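Reader: I would like a close look at a single part of this model, with the cut-offs stated.

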Amino acid sequence: MSEEVSRNINIKEPRWDQGTFTGRAKHFFMVTDPRNVLLSSETLEEARVTVENYRAGIVKPGLTEDELWRAKYIYDSAFHPDTGEKMFVIGRMSAQVPMNMSITGCMLTFYRTTPAVVFWQWVNQSFNAVVNYTNRSGDAPITVNQLGAAYVSATTGAVVTALGLKSLATRLPPIISRFVPFAAVAAANCINIPFMRQRELKYGIPVTDENGNRLGESPNAARQAIVQVVVSRIGMAMPAMAIPPVIMNALEKRAFMKRFPILNAPVQVGLVGLCLVFATPLCCALFPQKRYQ
């Protein structure tokens, strides 16, 4: 029989040591778990009550430590950390894999015509805008003007990059054109993220000591953080946008795929999803979220 949970667990912090890559990976596998998207409103509300009561010193009879941590990760997957409001479902971290596998799979499938390239790059950047708005910081909130400027700039950058490389790729081996969507996504991330966080670049991000006491703001820390975010976002997209094209290039030469071309999109989406299930949490874990000097 499990013992009741201790009242001294700090559930404001992740369960595992964030000073190690393994600890961060375990944390992000929980945060990005796509199964959390399917949880009912009742389950989410129960997790919210459990977490908020525990923070207030109220422990439900019979609650175990595993149940508390499970409730904490369910809560974190659906409620904004600053406002406590329930987040729009497709903007949640747990929606990253199912949403990105669908959009990325379509970008990799429908890359041959200009209208398709423009449409799917626009869909991808629209989704990114929803994610950015949903997860906006309470400490440095994103204004509507900032969001709009970043959205327009990233979409324009992605489309221009995609169409430019698509034109160049016509003179190269066919498989090269399959990597055009990845180049466009990488270019868009290099534009979108600094644009979205321009206030932090100008004024800095909060710097605290190990006890959480705020010491001031640092633009240099903001620059380092934004570079790390860009690297992790591009790394997150790389396996899903580099491995499936190679596999699909080989599969499409097989008689079975030629006989059933309708399978192209679902197979591509499935391959992308398989890559993202691992790439998303592992690339989120590349850098620690807090760094001490």
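Author: What follows describes the nonpolar surface patch and the helix that contributes most to it.

The model is predicted, so local features need pLDDT of at least 70 and side-chain atom pairs count only at pLDDT 80 or more, while totals for chains, interfaces and linings use all residues. Residues are numbered from 1 along each chain as its sequence is written, and side-chain values use heavy atoms, with hydrogens and water left out.

Phe21, Phe29, Val227, Val231, Leu274, Val277, Phe278, Leu282 and Leu286 form a nonpolar surface patch of about 750 Å². Patch residues have over 30% relative accessible area and no salt bridge, and nonpolar side chains (Val, Leu, Ile, Met, Phe, Trp, Tyr) are joined within 5 Å. A salt bridge is a side-chain nitrogen of Lys or Arg within 4 Å of a carboxyl oxygen of Asp or Glu. Accessible areas come from the Shrake-Rupley method with a 1.4 Å probe, and for residues only the protein chains shown count as cover.

At least two patch residues come from each of helices H1 (21-31), H10 (219-251) and H12 (264-284). Helices are DSSP runs (H or I, at least four residues), numbered from the N terminus. H12 gives the most, four residues. Phe278 lies in H12 and is partly exposed because its relative accessibility is 45%; buried means under 20%, exposed over 50%, and partly exposed in between.

H12 is also one of the helices against which the buried residues of H4 pack, contact meaning heavy atoms within 4.5 Å. In the unreviewed UniProt entry, "transmembrane region" covers residues including 267-287, an annotation that may be inferred rather than shown by experiment. Residues 267-287 are 86% helix and 0% strand, with end C-alpha atoms 32 Å apart.

Technical notes. Patches are made of residues with over 30% relative accessible area and no salt bridge: like charges are joined within 9 Å, nonpolar side chains (Val, Leu, Ile, Met, Phe, Trp, Tyr) within 5 Å. Buried means under 20% relative accessible area, exposed over 50%, partly exposed in between (1.4 Å probe, protein chains only).
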